[in-house]
Amino acid sequence: MHQPAITGTGVFTPPEIITNDELVAAFNAHVDLWNAENAAAIAAGEVEAKAYSSSEFIVAASGIERRHVLDKSGVLDPAVMHPWLRERADDEPSVMAEMGVAAARAALEMAGVAAGEVDLVICAASNHERAYPAIAVEIQQLLGSGGFAFDMNVACSSATFGIQAAADMIRSGSAGKALVISPEICSAHLEWRDRDCHFIFGDVATAVLIEREDEAAKPRFVIRSTRCATEFSNNIRNNNGFLRRTRKGHMEDRRDMQFMQNGRKVFKDVLPMVSAHIAAHMAEEGVQAVDLKRLWLHQANKTMNDYIGRKVLGRDPEPGEQPNILQDYANTSSAGSIIAFAKYSKDLEAGDVGLICSFGAGYSVGSVIVERRIG
């Protein structure tokens, strides 16, 4: 059995930024248009008027201040309220593959590994832009990697589940160097016209390079242990899919074909599930709260992370112990915890222990305990 280690991380950040103020201005303009168009039904009590959003509401509800997106022009157009992404020809790189390759190359450069040395590529993300061929196989071809590749989807837990899959294959010897890539185009499955969620998501791509520790040439994070769990729930759901065309009326613009969640129910269910999962994983590995130098949590909501941090550490996390990036990136689904890990891990010293955790639809939760090694 070989010891897997994370030797490289990469983050592709789209250049376009939408601030809360920009988002609110567009949303409120949409509200005015919608309320005017439905004035008669509103007056008759048949539908409720839409309410304005505000930057203060967004920060209080989530901690989010801005988000990166692939296209802001469509999102900020009150008559459109979704990104405009150019259709790609079949012989062009897909959007997800293009993002994933950029993140992967950064991870490879950090690790000092050539793309041709990689023999496993996993594209682990919440929503894939096509059913097949696999985005991972396309990324493999664009990078010039060997071996094999496949897609996987465990919603917001995709990255940590992908890390477990890759680490297990490296342990067994079926792969030597693996890339776990999470290109998340969350702006395309968000309903920007819904006040309860219009501010939640942003776009990004992350990559993690995992290889045998005895082949690592640079400082690394040894993967000491991984743990994954799922429990079915409909409280976070997207009903879009190829079966839409088989059902009358389902090709119309339907709310349930975009991101949906019962936020209050998710809070009630997921917080204790994640806290208990992390506690059990740490106990299984013999890691005490005092041993944990850093928590890299899924970046969905600041209140959720603060709650989990207190439960895991038994106190309020000190500055830097539980880094948040969602104020700048918003929720980026499976990529969030990896962004936090990539940006806030290099300062750890040899022997320091940290934990990466992501959680979301499924319900699903995945955690990875890592230890810093320098020499």
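E184 is buried and yet has no salt bridge, the nearest side chain of opposite charge being that of R130, 15 Å away. This briefing concerns a predicted model, and it starts from the strand that holds this residue, β6 (residues 177–185), before turning to the sheet, the cores and some local backbone features. The sheet in question is open and has nine strands, while the largest nonpolar core has 45 residues.

**E184 and strand β6**

- Leaving aside neighbours within four places in sequence, E184 is in contact with M99, A125, S126, N127, G202, D203, V204, T332, S333, S334 and A335.
- The strand that carries E184, β6, is mostly covered, since nine of its nine residues are buried.
- In a regular strand, side chains alternate between the two faces of the sheet.
- In β6, K177, L179, I181, P183 and I185 point one way, whereas A178, V180, S182 and E184 point the other way, and all of these residues are buried.
- On one side β6 pairs with β4 in the parallel sense, over four bridges; within this pairing V121 stands opposite L179, and I122 has V180 as its bridge partner.
- The pairing of β6 with β7 is antiparallel and is made by nine bridges, with A207 in β7 as the bridge partner of I181.

**The sheet and the helices packed on it**

- The nine strands follow the order β5-β4-β6-β7-β1-β8-β13-β12-β11, and their pairing is mixed.
- The edges are formed by β5 (148–152) and β11, each of which has a single partner strand, so one side of each is left without a neighbour in the sheet.
- Direction ignored, neighbouring strands of this sheet are turned by 25° against each other on average.
- Helix α6 (residues 158–172) lies across β1 (4–12), β4, β5, β6, β7 (203–212), β8 (220–230), β12 and β13, and it runs at about 120° to β8.
- Helix α8 also packs on the sheet, where it touches β11 and β12, and its direction makes about 150° with that of β11.

**Nonpolar cores**

- In soluble globular proteins, nonpolar side chains tend to be buried together.
- Within the largest nonpolar core, which has 45 residues, I278 and L292 touch the most other members.
- Two or more residues of this core come from each of α1 (20–37), α7 (263–285), β11 (292–297), α8 (302–313), β12 (353–360) and β13 (364–373), and α7 gives the most, with seven residues.
- Not counting residues up to four places away in sequence, L292 touches M282, V287, V312, L313, E321, V353, G354 and L355.
- Another core, of 33 residues, lies apart from the largest one and includes V154, V208, F221 and Y329.

**Backbone features in loops**

- Most residues other than glycine have a negative phi, and most peptide bonds are trans.
- The peptide bond from Y132 to P133 is cis, with omega near -5°, and P133 lies in the loop between β4 (120–124) and α5 (135–143).
- A cis peptide bond also joins G362 and Y363, with omega of about -10°, and Y363 is found in the loop between β12 and β13.
- M81, a residue other than glycine, has a positive phi near 60°; its place is in the loop between β3 (66–69) and α4 (95–111), and because its relative accessibility is 4%, M81 counts as buried.
- A330 is likewise not a glycine and has a positive phi of about 65°; this residue is in the loop between α9 (326–329) and α10 (336–343), where A330 is buried, with a relative accessible area of 0%.

**A partly exposed loop residue**

- A49 is placed in the loop between α2 (39–43) and α3 (55–62), and at 43% relative accessibility it counts as partly exposed.
- Leaving aside neighbours within four places in sequence, A49 is in contact with W34, N35 and I42.
- A49 and D32 are 17 residues apart along the chain, and their C-alpha atoms are separated by 9.5 Å.

Technical notes: Residues are numbered from 1 along each chain as its sequence is written. This is a predicted model: local features need pLDDT of at least 70, side-chain atom pairs count only at pLDDT 80 or more; totals for chains, interfaces and linings use all residues. Side-chain values use heavy atoms; hydrogens and water are left out. A nonpolar core is a set of buried Ala, Val, Leu, Ile, Met, Phe, Trp, Tyr and Cys residues joined through side-chain atoms within 4.5 Å. Buried means under 20% relative accessible area, exposed over 50%, partly exposed in between (1.4 Å probe, protein chains only). Contact means heavy atoms within 4.5 Å. Lys and Arg count as positive and Asp and Glu as negative; His and the chain ends are not counted. A salt bridge is a side-chain nitrogen of Lys or Arg within 4 Å of a carboxyl oxygen of Asp or Glu. Two strands pair if DSSP finds at least two bridges between them. Axes are lines fitted to C-alpha atoms, for helices over the stretch in contact, and angles run from 0 to 180 degrees between N-to-C directions.
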